[in-house]
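Trainee: I'd like to practise reading a structure with you. Can we go through one together?

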Amino acid sequence: MALARSWASKVLTSQCFSASSHWQNGLMARRRIKDTDGTSAIAAVKLSGLESADVQAMATACRYLLEELAERAPGNSVEVRVPPYGATQCIEVPRHTRGTPPNTVEMNPDTWFALATGKLSWQDALAEAKVSASGTRADLSEVLPVV
């Protein structure tokens, strides 16, 4: 189990950005996905529908939406994971400095896209067991949708 978590952690941080690489000396690093590319990917996924969305468009849209979340709710007390496309840390307080944050949220890309774009509410996602959330601060209802 520990090996699987270690591997998953490496995959997530190598495929997207992590909060540790997203923040440098207390200042937010520049975005990796341009706004035009991110909004175009979101539009492409909306146009084609979640079931038939292009894999690259979905990956770009999910990563862009994770960047938006980190920008709108900066911090590192909650880790949001959307395997295999990425992960980020967000929401301030309490300060977390080592290892995996005690508050984690994980979901599939379709669920993340729907939550981040307002097509699905946080409460509905929890009720339908589409989100795995652990920790006292693992509640994204105040920061969703992000676009």
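Trainee: Is R32 buried or exposed?
Mentor: Keep in mind that this is a predicted model. R32 is found in the loop between β2 (27-28) and α3. Its relative accessible area is 57%. Exposed means over 50%, so R32 counts as exposed.

Trainee: How far apart are the C-alpha atoms of R32 and E67?
Mentor: Along the chain, R32 and E67 are 35 residues apart. In space, their C-alpha atoms are separated by 8.3 Å.

Trainee: What word describes how α3 lies relative to α4?
Mentor: Helix α3 covers residues 35-48 and helix α4 covers residues 55-72. They pack with their axes 8 Å apart, at an angle of about 125°. An angle of 65 to 115 degrees would be roughly perpendicular and one over 145 roughly antiparallel. Theirs fits neither, so α3 is oblique to α4.

Trainee: And how do the residues of that contact divide by type?
Mentor: The crossing of α3 and α4 is left-handed. On the α3 side, the contact includes I42 and V45, and on the α4 side it includes M58 and L65. Charged residues take part as well, among them D35 of α3 and E68 of α4. The division is nine nonpolar, three polar and three charged.

Trainee: Stepping back, what pattern does the chain follow along the sequence?
Mentor: The chain has six helices and six strands. Of its 147 residues, 45% count as buried. Read along the sequence, the pattern is α-α-β-β-α-α-β-β-β-α-α-β.

Conventions. Residues numbered from 1 in each chain as written. Predicted model: local features only at pLDDT ≥ 70, side-chain atom pairs only at ≥ 80, totals over all residues. Heavy atoms only, no water. Axes fitted to C-alpha atoms, helices over the stretch in contact; angles between N-to-C directions. Helix = DSSP H or I, 4+ residues; strand = E, 2+ residues; numbered from the N terminus. Parallel < 35°, antiparallel > 145°, perpendicular 65-115°, else oblique. Left-handed = near helix turned anticlockwise from the far one by under 90°. Contact = heavy atoms within 4.5 Å. Buried < 20%, exposed > 50% of the residue type's maximum accessible area, 1.4 Å probe, protein only.
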